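Hi everyone, thanks for coming. I'd like to walk you through a structure that's new to most of you, so have a look at it first.

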Amino acid sequence: MTNWIDIAALDDIPQRGARVVKTSEGCVAVFRTAEDEIFALNNACPHKAGPLAEGIVHGKSVTCPLHNWVISLETGLAQGEDTGQVATYPARVENGRILLDRSFLRARAAA
């Protein structure tokens with residue numbers, strides 16, 4: 001049995017955009033860069049739990065819409081003088097479809 005679950009088509013998420021995806025293991029914010037790279041994170045900013053999927057994607061970062069914290073899509077770490085971290089999850093694109101690693105989602109749900 002594969003650990004990867006198909007959650008959406010790559011084209012379902014606009015370039016430099018994001019969507020919150022509901023899975024059987026919980027909700028995840030999925031981000032697409034201008035270069036069509038995909039990243040998956042918890043949707044809550046470490047500062048005041050702002051909805052990161054509603055933020056602005058630039059490069060490999062997202063800016064929280066509430067207080068402008070910049071979060072790395074690669075590591076989940078707040079950048080600059082801000083501190084904190086968001087959980088990240090393995091994601092990949094295969095045949096135009098976005099896949100998430102189910103085992104990481106399950107580990108998060110169990111925590």
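Let me start with a small puzzle: which residue forms a salt bridge with arginine 92? The partner is glutamate 94, and the closest N and O atoms are 3.1 Å apart. By salt bridge I mean a side-chain nitrogen of Lys or Arg within 4 Å of a carboxyl oxygen of Asp or Glu.

Before I go on, some housekeeping. This is a predicted model, where local features need pLDDT of at least 70 and side-chain atom pairs count only at pLDDT 80 or more, while totals for chains, interfaces and linings use all residues. Residues are numbered from 1 along each chain as its sequence is written, and side-chain values use heavy atoms, with hydrogens and water left out.

Back to our pair. Arginine 92 is partly exposed, at 32% relative accessible area, and glutamate 94 is partly exposed too, at 38%. For those words, buried is under 20% relative accessible area, exposed is over 50%, and partly exposed is in between, using a 1.4 Å probe and protein chains only.

Now the strand region around that pair. Strand β9 covers residues 91-94 and strand β10 covers residues 97-101; they run antiparallel, joined by four bridges. Strands here are DSSP runs (E, at least two residues; helices would be H or I, at least four), numbered from the N terminus. Two strands pair if DSSP finds at least two bridges between them. Alanine 91, for instance, has leucine 100 in β10 as its bridge partner. The two strands make a hairpin with two residues between them, and asparagine 95 in the turn has a positive phi of about 55°.

On to the other salt bridges. How many does the structure hold? There are six. One of them joins aspartate 36 to arginine 32, with 2.7 Å between the closest N and O atoms. Arginine 32 is buried, at 7% relative accessible area, whereas aspartate 36 is partly exposed at 31%. Asp11 joins in as well: Asp11, Arg32 and Asp36 are linked in a network of salt bridges.

Another one pairs glutamate 74 with lysine 60, the closest N and O atoms being 3.5 Å apart. Glutamate 74 sits in the loop between β7 and β8 (88-89), and lysine 60 in the loop between β5 (56-58) and β6 (61-63), so this pair ties together parts that are 14 residues apart in sequence. Both ends are partly exposed: glutamate 74 at 47%, lysine 60 at 33%.

Those loops bring us to the sheet. It's an open one with three strands in the order β5-β6-β7, paired antiparallel. Its edge strands are β5 and β7, each pairing on one side only. Between β5 and β6 there are three bridges, and valine 57 stands opposite valine 62 in β6.

Let's stop at β7, residues 70-72, where serine 72 lies. Is serine 72 buried or exposed? Buried, at 6% relative accessibility. Its side chain reaches the backbone nitrogen of glutamate 74 at 3.2 Å, and a polar atom of that serine 72 side chain lies 3.1 Å from the backbone nitrogen of threonine 75. Not counting residues up to four places away in sequence, serine 72 touches Leu41, Lys60, Ser61, Leu77 and Gln79; contact here means heavy atoms within 4.5 Å.

Isoleucine 71 is in β7 as well, and it is buried, at 0% relative accessibility. Setting aside neighbours within four places in sequence, isoleucine 71 has contacts that include Leu41, Leu52, Val62 and Val86.

And that takes us inside. The largest nonpolar core has 16 residues, and those with the most contacts inside it are Phe31, Leu41, Leu52, Val62, Ile71 and Leu73. A nonpolar core is a set of buried Ala, Val, Leu, Ile, Met, Phe, Trp, Tyr and Cys residues joined through side-chain atoms within 4.5 Å. Strands β3 (26-32) and β4 (38-41) each supply at least two residues of this core. There's also a second, separate core of 13 residues, which includes Ile5, Val28, Ile38 and Leu100.

If you take one residue away from that first core, try leucine 52: beyond its neighbours within four places in sequence, its contacts include Phe31, Val62, Ile71 and Val86. Thanks, and happy to take questions.

Technical notes: A polar contact is a pair of N or O atoms within 3.5 Å; within protein, one must be able to donate a hydrogen and the other to accept it, and residues adjacent in sequence count only if both atoms are side-chain atoms.
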